[in-house]
Amino acid sequence: MKTLYLIRHAKSSWEFDVSDEKRPLNSRGIRDAKLVGKELEKLIKPIDKILCSPAERAYSTAKIVLSYLALPEDIFSLEPELYDFGGNHVIEVIKNCGEEINTLMIFGHNHAFTSIANLYGDERIDNLPTAGVVVIEFDVDKWENIDVGKTLLTIFPKSLR
(Lines give C-alpha, C1' and ligand atoms only; values in the text may rest on other atoms or scores of the structure.)
Protein backbone atom coordinates (compact mmCIF):
# COMPACT_ATOMS: atom_id res chain seq x y z
CA MET A 1 0.00 0.00 0.00
CA LYS A 2 1.31 3.47 -0.96
CA THR A 3 -0.11 6.79 0.25
CA LEU A 4 0.49 10.11 -1.48
CA TYR A 5 -0.11 13.53 0.09
CA LEU A 6 -0.32 16.30 -2.52
CA ILE A 7 -0.08 19.75 -0.91
CA ARG A 8 -0.31 22.83 -3.08
CA HIS A 9 1.65 25.86 -1.91
CA ALA A 10 -0.30 28.47 0.03
CA LYS A 11 -1.35 31.85 -1.42
CA SER A 12 1.63 33.83 -2.64
CA SER A 13 2.24 37.53 -2.97
CA TRP A 14 2.58 39.44 -6.23
CA GLU A 15 3.57 42.55 -4.28
CA PHE A 16 7.31 42.22 -4.83
CA ASP A 17 9.27 42.54 -8.05
CA VAL A 18 10.88 39.10 -7.91
CA SER A 19 11.08 36.11 -10.23
CA ASP A 20 8.26 33.55 -10.06
CA GLU A 21 10.42 31.10 -8.15
CA LYS A 22 11.15 33.67 -5.43
CA ARG A 23 7.59 34.86 -4.73
CA PRO A 24 6.87 34.70 -0.97
CA LEU A 25 3.62 33.81 0.78
CA ASN A 26 1.20 36.59 1.57
CA SER A 27 -0.49 36.92 4.97
CA ARG A 28 -3.49 34.80 3.95
CA GLY A 29 -1.10 32.12 2.68
CA ILE A 30 0.69 32.02 6.02
CA ARG A 31 -2.63 31.76 7.91
CA ASP A 32 -3.93 29.01 5.59
CA ALA A 33 -0.70 26.99 5.85
CA LYS A 34 -1.05 27.12 9.65
CA LEU A 35 -4.69 25.97 9.46
CA VAL A 36 -3.71 23.05 7.24
CA GLY A 37 -0.79 22.14 9.52
CA LYS A 38 -3.11 22.08 12.55
CA GLU A 39 -5.63 19.93 10.67
CA LEU A 40 -3.01 17.47 9.41
CA GLU A 41 -1.59 17.19 12.93
CA LYS A 42 -4.84 15.45 13.93
CA LEU A 43 -4.95 13.13 10.91
CA ILE A 44 -1.43 12.38 9.80
CA LYS A 45 -0.09 8.87 9.34
CA PRO A 46 3.68 8.29 9.58
CA ILE A 47 5.44 9.91 6.62
CA ASP A 48 8.47 8.23 5.04
CA LYS A 49 9.58 10.96 2.63
CA ILE A 50 8.76 14.64 2.02
CA LEU A 51 9.70 16.28 -1.26
CA CYS A 52 9.23 19.96 -2.01
CA SER A 53 9.52 22.27 -4.98
CA PRO A 54 12.38 24.73 -4.49
CA ALA A 55 10.08 27.70 -5.16
CA GLU A 56 9.96 30.01 -2.14
CA ARG A 57 6.15 29.78 -1.79
CA ALA A 58 6.24 25.96 -1.74
CA TYR A 59 9.20 25.81 0.65
CA SER A 60 7.59 28.32 3.03
CA THR A 61 4.33 26.37 2.96
CA ALA A 62 6.20 23.15 3.74
CA LYS A 63 8.08 24.74 6.66
CA ILE A 64 4.85 26.04 8.20
CA VAL A 65 2.83 22.84 7.70
CA LEU A 66 5.65 20.59 8.87
CA SER A 67 6.17 22.67 12.03
CA TYR A 68 2.91 21.10 13.29
CA LEU A 69 3.80 17.49 12.42
CA ALA A 70 6.88 16.60 14.50
CA LEU A 71 8.55 14.67 11.69
CA PRO A 72 12.30 14.03 11.42
CA GLU A 73 14.13 16.63 9.33
CA ASP A 74 16.14 14.04 7.42
CA ILE A 75 13.08 12.83 5.48
CA PHE A 76 12.68 16.28 3.86
CA SER A 77 14.40 17.40 0.68
CA LEU A 78 13.97 19.92 -2.08
CA GLU A 79 13.27 18.40 -5.47
CA PRO A 80 13.79 20.75 -8.46
CA GLU A 81 11.60 18.58 -10.70
CA LEU A 82 8.57 19.52 -8.56
CA TYR A 83 8.79 23.09 -9.89
CA ASP A 84 6.44 21.85 -12.60
CA PHE A 85 3.04 23.18 -13.61
CA GLY A 86 2.03 20.51 -16.13
CA GLY A 87 2.54 17.41 -14.00
CA ASN A 88 4.76 15.14 -16.10
CA HIS A 89 7.88 15.82 -14.02
CA VAL A 90 5.90 15.44 -10.78
CA ILE A 91 4.58 12.04 -11.89
CA GLU A 92 8.12 10.99 -12.80
CA VAL A 93 9.37 11.98 -9.33
CA ILE A 94 6.55 10.02 -7.66
CA LYS A 95 7.02 6.92 -9.82
CA ASN A 96 10.78 6.93 -9.19
CA CYS A 97 10.43 6.73 -5.40
CA GLY A 98 11.84 3.59 -3.80
CA GLU A 99 9.75 0.71 -2.49
CA GLU A 100 10.81 1.51 1.08
CA ILE A 101 8.76 4.73 0.91
CA ASN A 102 5.17 3.85 1.76
CA THR A 103 3.90 7.34 2.52
CA LEU A 104 5.07 10.25 0.40
CA MET A 105 4.22 13.93 0.94
CA ILE A 106 4.95 16.43 -1.80
CA PHE A 107 4.62 20.22 -1.90
CA GLY A 108 4.22 21.88 -5.26
CA HIS A 109 2.09 23.70 -7.78
CA ASN A 110 -1.02 23.81 -9.89
CA HIS A 111 -2.12 22.90 -12.56
CA ALA A 112 0.05 19.86 -11.98
CA PHE A 113 -1.47 18.93 -8.62
CA THR A 114 -5.11 19.26 -9.70
CA SER A 115 -4.34 17.16 -12.79
CA ILE A 116 -2.57 14.49 -10.75
CA ALA A 117 -5.36 14.42 -8.14
CA ASN A 118 -7.88 13.81 -10.93
CA LEU A 119 -5.69 11.37 -12.86
CA TYR A 120 -4.89 9.17 -9.84
CA GLY A 121 -7.71 9.84 -7.38
CA ASP A 122 -11.20 8.39 -7.61
CA GLU A 123 -12.93 11.68 -6.73
CA ARG A 124 -12.89 14.57 -9.19
CA ILE A 125 -11.97 18.04 -7.96
CA ASP A 126 -12.34 21.19 -10.06
CA ASN A 127 -9.31 22.90 -8.60
CA LEU A 128 -6.91 22.18 -5.77
CA PRO A 129 -6.88 25.56 -4.01
CA THR A 130 -3.79 27.16 -2.53
CA ALA A 131 -2.76 25.27 0.63
CA GLY A 132 -5.15 22.49 -0.40
CA VAL A 133 -4.38 18.85 0.36
CA VAL A 134 -5.38 15.66 -1.44
CA VAL A 135 -4.46 12.25 -0.03
CA ILE A 136 -4.59 9.23 -2.35
CA GLU A 137 -3.97 5.61 -1.41
CA PHE A 138 -2.77 3.04 -3.94
CA ASP A 139 -3.02 -0.73 -3.60
CA VAL A 140 0.47 -1.39 -5.02
CA ASP A 141 3.91 -2.30 -3.67
CA LYS A 142 5.90 -0.06 -6.04
CA TRP A 143 5.34 3.59 -6.91
CA GLU A 144 6.10 2.86 -10.54
CA ASN A 145 2.90 0.77 -10.63
CA ILE A 146 0.47 3.41 -9.37
CA ASP A 147 -2.77 3.79 -11.25
CA VAL A 148 -6.13 5.10 -10.09
CA GLY A 149 -6.20 4.90 -6.30
CA LYS A 150 -8.67 5.85 -3.60
CA THR A 151 -8.97 9.50 -2.61
CA LEU A 152 -8.89 9.27 1.18
CA LEU A 153 -9.05 12.92 2.07
CA THR A 154 -9.28 16.46 0.75
CA ILE A 155 -8.56 19.49 2.91
CA PHE A 156 -9.34 22.95 1.58
CA PRO A 157 -8.40 25.91 3.80
CA LYS A 158 -11.71 27.65 3.12
CA SER A 159 -13.50 24.89 5.06
CA LEU A 160 -11.14 25.36 8.04
CA ARG A 161 -11.60 29.13 8.44
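**Note on the predicted model: sheet, helices and cysteines**

1. M105 has a relative accessibility of 0%, so this residue counts as buried. The model is a predicted one, and the points below should be read with that in mind.

2. M105 is found in strand β4. Setting aside neighbours within four places in sequence, the contacts of M105 are Y5, I7, I44, I47, K49, I50, L51, L66 and L69. D48 is 57 residues away from M105 in sequence, yet the two C-alpha atoms are 8.2 Å apart in space.

3. Strand β4 belongs to an open sheet of 6 strands, whose order is β3-β2-β4-β1-β5-β6 and whose pairing is mixed. At the edges are β3 (76-78) and β6 (150-155), each of which pairs on one side only. Ignoring direction, neighbouring strands in this sheet are turned against each other by 15° on average. As a general point, the strands of a sheet pair through backbone hydrogen bonds, and they may do so in parallel or antiparallel fashion.

4. The pairing of β5 with β6 is antiparallel and is made by 5 bridges. One bridge can be checked by residue: I136 has T151 in β6 as its partner. Helix α1 (residues 27-43) packs on the sheet, where it touches β1, β5 and β6. The direction of α1 makes about 140° with that of β6.

5. Helix α4 covers residues 112-120, and its buried residues are A112, F113, T114, I116, A117 and Y120. In general, an α-helix has 3.6 residues a turn, so residues three or four places apart point the same way. The buried residues of α4 pack against three strands and a helix: β1 (2-8), β4 (103-108) and β5 (133-138), together with α3 (88-95). Strand β4, which holds M105, is thus among the elements that the buried residues of α4 pack against.

6. How many disulfides does a search of the whole structure find? The search finds 0. A disulfide is a covalent bond between the sulfur atoms of two cysteines. For C52, the closest cysteine sulfur is in C97 at 14 Å, which is too far for a bond. The converse also holds: from the sulfur of C97, the closest cysteine sulfur is the one in C52, again at 14 Å and too far for a bond. The cut-off for a disulfide is a pair of cysteine sulfur atoms within 2.5 Å.

7. Are these two cysteines buried or exposed? C52 is buried, with a relative accessible area of 0%. C97 has 13% relative accessibility and therefore counts as buried, since the limit for that class is under 20%.

Definitions and conventions. Residues are numbered from 1 along each chain as its sequence is written. This is a predicted model: local features need pLDDT of at least 70, side-chain atom pairs count only at pLDDT 80 or more; totals for chains, interfaces and linings use all residues. Side-chain values use heavy atoms; hydrogens and water are left out. Buried means under 20% relative accessible area, exposed over 50%, partly exposed in between (1.4 Å probe, protein chains only). Helices (H or I, at least four residues) and strands (E, at least two) are DSSP runs, numbered from the N terminus. Contact means heavy atoms within 4.5 Å. Two strands pair if DSSP finds at least two bridges between them. Axes are lines fitted to C-alpha atoms, for helices over the stretch in contact, and angles run from 0 to 180 degrees between N-to-C directions.
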